[in-house]
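Good morning, colleagues, and thank you for making time on the agenda. Please turn to the sequence and the structure, which I will now put up for discussion.

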Amino acid sequence: MESVELKVEMVGIHEKRLRKCLSKLKGIEKVEVDANSQKVVVTGYAHRNKILKAIRRGGLKADFWSAQNELLHAYASASYGSLRFSNFNNFF
């Protein structure tokens with residue numbers, strides 16, 4: 001059994017559409033969706049490229065999850081009040 005992590009653009013009702021696309025594939029045991037980080041973990045015996053293709057065929061933007069996505073999510077979830085741009089005037 002293999003786990004495949006995907007970054008899927010989740011907006012509104014897309015989770016239902018995602019689950020419907022994946023239900024058509026054989027060999028999928030479990031689907032975990034984290035809408036906040038737009039991360040989907042699919043566990044089962046289906047090949048990772050077939051999973052990605054099924055999601056894209058359903059009209060959703062998807063790609064394999066990478067370490068770069070972890071960094072982007074951590075940066076985006078940081079509170080913007082703590083960011084300081086003290087040298088902002090140096091750019092002009």
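Which side chains meet in a salt bridge at 3.3 Å, N to O? They are the side chains of E15 and R19. Both residues belong to helix α1, and because they are four residues apart there, about one helical turn separates them. E15 is partly exposed, with a relative accessible area of 32%, and R19 is likewise partly exposed, at 36%.

Before I continue, I should state that this is a predicted model. The mean pLDDT of the chain is 80, and 72% of the residues score at least 70. Confidence is highest in α2, with a mean of 94, and lowest in helix α3, residues 67-77, where the mean is 64. I would ask you to keep those values in mind as we proceed.

Let me turn to the overall arrangement. The chain contains three helices and four strands. Read from the N terminus, the order of these elements is β-α-β-β-α-β-α. The chain has 92 residues, of which 27% count as buried.

I return now to the salt bridges, of which the structure holds four. One of them joins the side chains of E5 and K39, at 3.6 Å from N to O. E5 lies in strand β1, residues 2-8, and K39 in strand β3, so this pair ties together parts that are 34 residues apart in sequence. The two partners fall into separate accessibility classes: E5 is partly exposed, with a relative accessible area of 36%, whereas K39, at 17%, counts as buried, because the cut-off for that class is under 20%.

Another salt bridge is formed by the side chains of D63 and R56, at 3.8 Å from N to O. Here D63 counts as partly exposed, at 43% relative accessibility, and R56 is partly exposed as well, with a relative accessible area of 43%.

The next topic is charge on the surface. Which residues gather in a patch of positive charge? They are K16, K20, K24, K50, K53 and R57. Two elements, α1 (14-23) and α2 (48-57), each give two or more residues to this patch. The largest share, three residues, comes from α2. One of the patch members, K50, is found in helix α2. Is K50 buried or exposed? Its relative accessible area is 56%, and K50 is therefore classed as exposed, the cut-off being over 50%. I would add that α2 is also the element in which the confidence of the prediction is highest.

Finally, I would draw your attention to two individual residues. The first topic is Q38, whose place is in the loop between β2 (28-34) and β3 (39-44). What is notable about the backbone here is the phi angle: for Q38 it is near 60°, a positive value in a residue other than glycine. With a relative accessible area of 22%, Q38 is partly exposed.

The other residue is D34, which lies in strand β2. How far is D34 from M10 in space, C-alpha to C-alpha? The distance is 9.0 Å, although the two residues are 24 apart in sequence. D34 counts as partly exposed, at 36% relative accessibility.

That concludes my remarks, and I would be glad to take your questions.

Terms used. Residues numbered from 1 in each chain as written. Heavy atoms only, no water. Patch = residues over 30% accessible without salt bridge, like charges linked within 9 Å, V, L, I, M, F, W, Y side chains within 5 Å. Areas by Shrake-Rupley, 256 points an atom, 1.4 Å probe, with all protein chains shown as cover. Lys, Arg positive; Asp, Glu negative; His and termini not counted. Charge placed at Lys NZ, Arg CZ, Asp CG, Glu CD. Buried < 20%, exposed > 50% of the residue type's maximum accessible area, 1.4 Å probe, protein only. pLDDT = per-residue confidence, 0-100.
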